[in-house]
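User: I'd like to learn how to read a model like this one. Please take me through it feature by feature.

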Amino acid sequence: MRRDDDDPFDEFFREIERMMDEMMGSEGDVHIDRDGSTDGGDLHVDVHETGEEIRVVADIPGVEKDGIDLKCDGSVLTIDAGTHNREYHERLTLPSRVDEHSASATYNNGVLEVTFDREDESADIEL
């Protein structure tokens, strides 16, 4: 959900996000994407991090499961979705590199959830 600069509830939402981050503590971090680009309707996207995985949750109301296309290159998740009336396009830079082959996705009642395993920072090299 995009909020205009003059939205009277903007401060309220910032405070809720601050409290969510405080509650999560060191177990995770909540990021709410407000500045991602879209070529159609607005998506509300949340990114949740833990030590082992990254989970992306997006609200895509009114779209059938077959109308959603997901792509990931390990650092950017692209969500394309649409109906006859609306088009959604979101490119989301993930907070850290992920193993795109580990992705699992569910879509239920307009809520898309995509989970990735974090990719190891460095690879072991055998001699």
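User: Start broadly. What percentage of the residues of the protein count as buried?

Analyst: First, a caution: this is a predicted model. Of the 127 residues of the protein, 32% count as buried. The accessible surface comes to about 8,500 Å². Carbon and sulfur atoms hold 47% of that surface.

User: How many helices and strands does the secondary structure come to?

Analyst: One helix and eight strands. Along the sequence the pattern reads α-β-β-β-β-β-β-β-β. Contacts add a second view. Take those with a separation of 6 or more: residues 24 or more positions apart account for 44% of them.

User: Now pairing. In which sense do strand 3 and strand 8 pair?

Analyst: Strand 3, residues 53-59, pairs with strand 8 in the antiparallel sense, over seven bridges. One of the bridges joins alanine 58 to leucine 112 of strand 8. Strand 8 also pairs with strand 7, in the antiparallel sense and over seven bridges. There, asparagine 108 has valine 111 as its bridge partner.

User: How many residues lie between the strands in the hairpin of strand 7 and strand 8?

Analyst: Two. For a turn like this, look at the backbone angles. Asparagine 109 lies in the loop between strand 7 and strand 8. Asparagine 109 has a positive phi of about 50°, although it is not a glycine.

User: Is asparagine 109 buried or exposed?

Analyst: Exposed. The cut-off for that class is over 50% relative accessible area. Asparagine 109 has 75%, so it counts as exposed.

User: On to the interior. What is the general idea behind a nonpolar core, and which residues have the most contacts inside the largest one?

Analyst: In soluble globular proteins, nonpolar side chains tend to be buried together. Here the largest nonpolar core has 20 residues. Those with the most contacts inside it are Val56, Ile60, Val63, Ile79, Leu94 and Leu112. Then ask which elements contribute. Strands 2, 3, 5, 6, 7 and 8 each supply at least two residues of this core.

User: Take one core residue. Which residues does leucine 94 touch, not counting those up to four places away in sequence?

Analyst: Leucine 94 touches Ile54, Val56, Cys72, Ser75, Leu77 and Phe116. Of these, Val56 is also listed among the core residues with the most contacts.

User: Next, charges. What is the idea behind a salt bridge, and how many does the structure hold?

Analyst: Side chains of opposite charge can pair when their charged atoms come close. The structure holds four salt bridges. One of them joins arginine 118 and glutamate 49, with the closest N and O atoms 2.8 Å apart. That pair links distant parts of the chain: arginine 118 sits in strand 8 (residues 111-118), glutamate 49 in strand 2 (residues 44-49), and 69 residues separate them.

User: Is glutamate 49 buried or exposed?

Analyst: Buried. Its relative accessible area is 14%, and the cut-off is under 20%. Arginine 118, at 25%, counts as partly exposed.

User: Which other salt bridge ties together parts of the chain that are 22 residues apart in sequence?

Analyst: Glutamate 119 forms a salt bridge with arginine 97, with the closest N and O atoms 3.4 Å apart. Glutamate 119 lies in the segment after strand 8 and arginine 97 in the loop between strand 6 and strand 7, so the pair ties those parts together. Glutamate 119 is partly exposed at 33%. Arginine 97 is partly exposed too, at 40%.

User: And which residue meets lysine 71 in a salt bridge?

Analyst: Aspartate 69, at 2.9 Å from N to O. Lysine 71 counts as exposed at 51% relative accessibility. Aspartate 69, with 33%, is partly exposed.

User: Last, a polar residue in a loop. Where is serine 96 found, and is it buried or exposed?

Analyst: Serine 96 is found in the loop between strand 6 (87-93) and strand 7 (98-108). Serine 96 is buried, with a relative accessible area of 15%. For a buried polar side chain, look for a partner. The side chain of serine 96 makes a polar contact with the side chain of arginine 118, at 2.5 Å. Beyond four places in sequence, serine 96 touches Ile54, Gly74 and Arg118. So read arginine 118 twice: it meets serine 96 in a polar contact and glutamate 49 in a salt bridge.

Notes. Residues are numbered from 1 along each chain as its sequence is written. This is a predicted model: local features need pLDDT of at least 70, side-chain atom pairs count only at pLDDT 80 or more; totals for chains, interfaces and linings use all residues. Side-chain values use heavy atoms; hydrogens and water are left out. Helices (H or I, at least four residues) and strands (E, at least two) are DSSP runs, numbered from the N terminus. Buried means under 20% relative accessible area, exposed over 50%, partly exposed in between (1.4 Å probe, protein chains only). A polar contact is a pair of N or O atoms within 3.5 Å; within protein, one must be able to donate a hydrogen and the other to accept it, and residues adjacent in sequence count only if both atoms are side-chain atoms. Contact means heavy atoms within 4.5 Å. A salt bridge is a side-chain nitrogen of Lys or Arg within 4 Å of a carboxyl oxygen of Asp or Glu. Two strands pair if DSSP finds at least two bridges between them. A nonpolar core is a set of buried Ala, Val, Leu, Ile, Met, Phe, Trp, Tyr and Cys residues joined through side-chain atoms within 4.5 Å. Accessible areas come from the Shrake-Rupley method with a 1.4 Å probe; for residues, only the protein chains shown count as cover.
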